[in-house]
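Got the viewer open? Load the model, switch to cartoon, and follow along.

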Amino acid sequence: MSRQADRDANHPLRARFDDVVSQYQRLRLGLDDLQERLSTMNVTEESPDGLVRATVGPRGQLVDLKLDHEVYRRHDPDQLARTILRTVEAAVAKTTDQVQELVGEILPADSGAARFMRDGQFGSLLARQDRVMREAGDDGDR
């Protein structure tokens, strides 16, 4: 009789475990897909005058830069440098938005990793654990 009672008591725990395993498997598959999509991601932006094109990869690294021959006639060196920088910055910003969107499809919006992707603060990665540790410490004081 006690074996049946133990099994009955463990049923909700087993159901919760199955749910966690299922969530992990979906997350794992999603991360594999995310990695594949990121490995092929390139974003190209063009300057307003169309003379500069910058392409960046998923980490914002510059992977290609194209300058129209006309750019040398229309811009002095300082102006050209500013135009290149603004064009690269625009490509990086667009890449960041796209990466955040992809990550948002997989990770919960309130997860530390998703918050880190948005704010770049390392504290975001451990915020939940920090809160748990504070609460555990508060419980120990009682």
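The tour goes from the sheet to the helix across it, then to two pockets.

A word on ground rules: this is a predicted model, with local features needing pLDDT of at least 70 and side-chain atom pairs counted only at pLDDT 80 or more, while totals for chains, interfaces and linings use all residues. Residues are numbered from 1 along each chain as its sequence is written, and side-chain values use heavy atoms, leaving out hydrogens and water.

**Stop 1: the sheet.** Select 43–46, 52–56 and 62–67. These are strands 1, 2 and 3, and they make an open antiparallel sheet in the order 1-2-3. Strand 1 and strand 3 sit at the edges with a single partner strand each, so one side of each has no neighbour in the sheet. From one strand to the next, the twist averages 15 degrees. Strands here are DSSP runs of E, at least two residues, and helices are runs of H or I, at least four, numbered from the N terminus; two strands pair if DSSP finds at least two bridges between them.

Now show sticks for Glu46 and Arg53, bridge partners in the four-bridge antiparallel pairing of strand 1 with strand 2. Next, pick Thr55 and Asp64, also bridge partners; strand 2 and strand 3 pair over five bridges. Those two strands form a hairpin with five residues between them, and Gly60 in the turn has a positive phi of about 85 degrees.

**Stop 2: the helix across.** Select 77–104, helix 3. Helix 3 lies across strand 1, strand 2 and strand 3, at about 35 degrees to strand 2. Angles run from 0 to 180 degrees between N-to-C directions of axes fitted to C-alpha atoms, for helices over the stretch in contact (heavy atoms within 4.5 Å).

**Stop 3: the largest pocket.** Its space is about 410 Å³. Select Pro108, Asp110, Ser111, Gly112 and Arg128, the closest to its centre of 16 lining residues. Helix 1 (2–39), helix 4 (112–119) and helix 5 (123–140) each supply at least two lining residues. A pocket is an open set of points on a 1 Å grid over the protein atoms alone where a 1.4 Å probe fits, with protein on both sides within 12 Å along at least five of seven lines; lining residues have an atom within 4 Å of a point. A volume is the space filled by probe spheres set on the points.

**Stop 4: the second largest pocket.** This one has about 340 Å³. Pick Leu34, Leu38, Val99, Val103 and Met117, the closest to its centre of 15 lining residues. Helix 3 gives the most to this lining, with six residues.
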